Amino acid sequence: MAAIDTQIPRMLPTQKPATVSTELIGHRTCPLCEATCGLSVYRRKDTAGDEHWLIRGDADDPFSQGFICPKGTALGALHDDPNRLRTPLRRVGDDPATATYEPIGWEEALEEVNTALGAIIAEHGTDSIGIYLGNPVVHSHHLSLFTGALVRAVNSHHLYTASTVDQMARHVSSGMLFGDPDAIAVPDLDRTDYLLMLGANPVESNGSLCTAPNFEGRLQALRDRGGTLIVVDPRRTKTAELASEHVAIIPGTDALLLAALVAEVLNRGAIDAGVAAAYEPELKELQAALAGFDPDTVASATGIDAATIRRIAHEFAAAPSAVAYSRIGAHTTIFGTLASWLTDVLTIITGNLDRPGGAMFPTPLHLGVGSGTGRGFRTGRWSSRVHGRPEVRGEAPAAEMATEITTPGPGQMRAMIVVAGNPVLSTPDAATLDEALGQLNFLVSVDPWLNETSRRATIILPPPSAMQRSHYDIGFSRLSVRNVAKWSPALLEADDHPPEWWIICALIGIVSGLGPTAAEPVCEQLIERACSRLASATGSDAAALRDQIKVPGRSPADQLVDLLLRGSDRSDLTLDDLIDAPHGLDLGALEPALSEILRTPDGRIDLFPDALRADLARLVERCERGAASDQLLLVGRRDLRSNNSWLHNAAVLVRGKDRCTLVVHPRDAAAHGLVDGDAAIVVSAAGEIVAPVEIDDTIRPGVVSLPHGYGHNLAGARLDVAAQRPGVNSNVLTDGTQIDPLCGTAQLNAIPVTIGPAQPIPGVG
Ligand SMILES: Nc1nc2c(c(=O)[nH]1)N[C@H]1C(S)=C(S)[C@@H](COP(=O)(O)OP(=O)(O)OC[C@H]3O[C@@H](n4cnc5c(=O)[nH]c(N)nc54)[C@H](O)[C@@H]3O)O[C@H]1N2
Ligand SMILES: Nc1nc2c(c(=O)[nH]1)N[C@H]1C(S)=C(S)[C@@H](COP(=O)(O)OP(=O)(O)OC[C@H]3O[C@@H](n4cnc5c(=O)[nH]c(N)nc54)[C@H](O)[C@@H]3O)O[C@H]1N2
Ligand code: SF4
Ligand SMILES: [Mo]
């Protein structure tokens, strides 16, 4: 692997007054994004007697090698944020605009949740209770190892997560191809010769479904070693600037482009010989089914000329190693599952799956070696109540929450438990959802801030800060471009603040009818059950396992990590070994693992799953519409210093230029009478917003871009810094009816809009 730049000068705070002493508090993995950088956390004293956090990249972390981004340096500021809740809050008054929020004790708060949820369950059953799990759940094992039990305890059809505004397409295509929705193949960034990237901007996002600290450095290294990077994006992003070639696609058409690339490889006989022999019948059917998607046919719809598509197909097939990688821009459209599937198909048919430089499967320590067969994957075991959409992984589409609250009848959602989520800013048709949440009989939010969603809660239960909890990446070690293992300790005491596993277990106790004080016994029961399952699978003794992991002072979340490690036949390492390696362990480059990863009944890849075959009809119809209408299409974007909706209250991250702007191409600005810096009104089928215009020729003409996660001007929220520059909520514009039928993911990109000059709204922008 090429050396990674460990210089971080632009991240360092201005050091004045002079430093008197710097004390290392410890090392921990950054929990803020998927890159999992190692951080070294210091307390610095200055000559004025003040203490500050000083957070740097951990140069000894074998994976991130000192890399850090501005968000990581702000972990201390997030901890210190005076708006971060230290005790539960109770809302007094129904309307958040006029309500007050009073701090209350934990006992009282849980009593109130117990009384309210207990009454609703007694009258309407648990199917009237909804759960929404937000993105930070996967960034903390104190949450992710316990929320599954909460979901099972509630046992309702109203399970919603951020996955259906994010990566569900990838789970579904992986489930169909490989039999396991979590078997997600990641691009082998450090060894590939050819990377085709669609709808991702890792220079700002630091990567997604591909855990790679210093993604930018790794892409630069790919270029430096003579490799090719093709970036398909309607905007010439910073990632596109790094690329060998930028392909400015018409939003929403990646599945068409990919279908044409696959068709071209199939038609030109550029298939890998081994794959051709092993999958002959499927490849024939695929070739026939994709006959209508040749480069000439998709050129008009995608906005990419046929010669470019042909050339990329040939380069991809001819490269010593190549991999296709698609993300948010390609997955959060109504053709997301098709796009995700075709991404893998292109990699597979060119012989690039499961080999160095292609797409590979990480094998984290805590997961045992698989057998290579399984029961496969299916969706649609039930359908959502109002819209009849198929369940996916036990979830209904997040975009359906509002109608499930407002539509009367059996199974109507009357109460919600929101954990680490801010759907009022992050899910479609946001204004409607906000109103709907106000109609719930009860909402309890587990969240550190009184924000746009938790202001709709009667009770807010705040977790301790990231500084106060240990860390192990259950999820991202399964998406890493190298096999790594790392556990970090809590850096600060949580004092009398209950840990997050305790909060979730208390809620499990409540919805199970055990009352508000059952957190500990519930937790103990969960751990004992996990020990029993492992014992019966391995023929060991459950009680002995329980004793082994019950180390005094070790949190139950960490005990479960230890259990997973002990239960895995991948190595003999236990949690103690990880504790002894505070910078983490590098377990090497990814190795071929498909033969153990597969969970299909026949142990083969299902290259052309029936559901996707059927879904191609929609794509044909889209193709026939060509360049579609001349209406502008809205896409999203991310900024390095932001993270979805919840880092805008950290002054250190939001200073500088306004980031919530509508990026418009000069041609479109002129056509619609827009002037740089002035306000534009943006209207979609779902709603309208007013945002400041940023004229910029990096965007494809006909496309406009607005980031999500803003709109911090809703009455009742308590985000003093964010409220000063609230920005606008782009999800007021996303249309909750536009959903990929296969995976339930909402269309967050390629939204038809009209734009024009507007009167500026005071305080916006
Ligand atoms: N238009 C548009 N919308 C999008 C996207 C897009 O690209 N465009 N992206 C989508 C994507 S990819 C995602 S993942 C979703 C995110 O959707 P959400 O997860 O709903 O939104 P976040 O803004 O991540 O909100 C996280 C919440 O968790 C809280 N929080 C932070 N840390 C913790 C913690 O340790 N414990 C607890 N209990 N709470 C915590 C924060 O205060 C915040 O309220 O947004 C999606 N929405
Ligand atoms: N700084 C920062 N980092 C983050 C986050 C954040 O909010 N801020 N969020 C985190 C989360 S939860 C996630 S899921 C990841 C997401 O990480 P990424 O998937 O890299 O997401 P984005 O940075 O939004 O990049 C999406 C790109 O898709 C382009 N695009 C839009 N529509 C289309 C289309 O139809 N086709 C194609 N080909 N491209 C299109 C957009 O112009 C944009 O450049 O980022 C994570 N990291
Ligand atoms: S890139 Fe992600 S993991 Fe690394 S410091 Fe930034 S926010 Fe944290
Ligand atoms: Mo996400």
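This is a walk through two ligand sites, two helices and a few residues with unusual surroundings or backbone angles. The model is a predicted one, so please read what follows in that light.

Let's begin at ligand 2. Its shell holds 30 residues, and the closest of them are Asp233, Asp254, Asp639, Ser642 and Asn644. By class, this shell is made up of 9 nonpolar, 13 polar and 8 charged residues. Two helices take part with at least two residues each: helix H6 (202–205) and helix H14 (328–331). Some polar pairs are worth picking out on your screen. The side chain of Asp254 places an N or O atom 2.5 Å from a nitrogen atom of the ligand. The backbone contributes too: a backbone N or O atom of Leu640 is 3.4 Å from a nitrogen atom of ligand 2, and a polar backbone atom of Asn644 is 2.7 Å from an oxygen atom of ligand 2. On its own, ligand 2 has 920 Å² of accessible area, and the protein covers 98% of that.

From H6, step along to Asn206, which sits in the loop between H6 and helix H7 (215–224). Asn206 is also one of the residues around ligand 3. The others in that shell are Cys30, Leu32, Cys33, Ala35, Thr36, Cys37, Ile68, Cys69, Lys71 and Gly72. Sorted by class, the shell of ligand 3 has 7 nonpolar, 3 polar and 1 charged residue.

Asn206 deserves a second look for its backbone. Its phi is near 65 degrees, a positive value in a residue other than glycine. Most residues other than glycine have a negative phi. Is Asn206 buried or exposed? Its relative accessibility is 4%, so Asn206 counts as buried.

Ala750 offers a parallel case, with a positive phi near 65 degrees. Ala750 belongs to the loop between helix H28 (720–724) and strand E26 (751–757). With a relative accessible area of 8%, Ala750 is buried.

The loop between H28 and E26 also contains Gly744. At 5% relative accessibility, Gly744 counts as buried. What does Gly744 touch, once neighbours within four places in sequence are left aside? Its contacts are Thr164, Pro397 and Ile739. Val392 is 352 residues away from Gly744 in sequence, yet the two C-alpha atoms are 7.3 Å apart in space.

Now turn to the helices, starting with H20 (residues 519–538). Its 20 residues reach 29 Å from first C-alpha to last, close to the 28 Å expected at 1.5 Å a residue. The buried residues in H20 are Ala519, Val522, Cys523, Leu526, Ile527, Ala530, Cys531, Leu534 and Ala535. Their cover includes helix H4 (141–154), helix H19 (500–511), helix H21 (542–549) and helix H22 (556–567). After H20 comes Gly539, with a positive phi near 70 degrees.

H19, one of those covering helices, makes a good final stop. It has 12 residues and reaches 17 Å between its first and last C-alpha, close to the expected 16 Å. Why can H19 be called largely enclosed by the rest of the structure? The reason is that 12 of its 12 residues are buried. Among them are Glu500, the pair Trp501 and Trp502, and further along Leu507, Ile508, Gly509, Ile510 and Val511. Just after H19, Gly513 has a positive phi of about 80 degrees.

Definitions and conventions:
Residues are numbered from 1 along each chain as its sequence is written. Chains are lettered from A and ligands numbered from 1 in the order in which they are written. Side-chain values use heavy atoms; hydrogens and water are left out. A residue is near a molecule or strand if one of its heavy atoms lies within 4 Å of it. A polar contact is a pair of N or O atoms within 3.5 Å; within protein, one must be able to donate a hydrogen and the other to accept it, and residues adjacent in sequence count only if both atoms are side-chain atoms. Accessible areas come from the Shrake-Rupley method with a 1.4 Å probe; for residues, only the protein chains shown count as cover. Helices (H or I, at least four residues) and strands (E, at least two) are DSSP runs, numbered from the N terminus. Ala, Val, Leu, Ile, Met, Phe, Trp, Tyr, Cys and Pro count as nonpolar, Asp, Glu, Lys and Arg as charged, and the others, Gly among them, as polar. Buried means under 20% relative accessible area, exposed over 50%, partly exposed in between (1.4 Å probe, protein chains only). The expected span of a helix is 1.5 Å times one less than its number of residues. Contact means heavy atoms within 4.5 Å.
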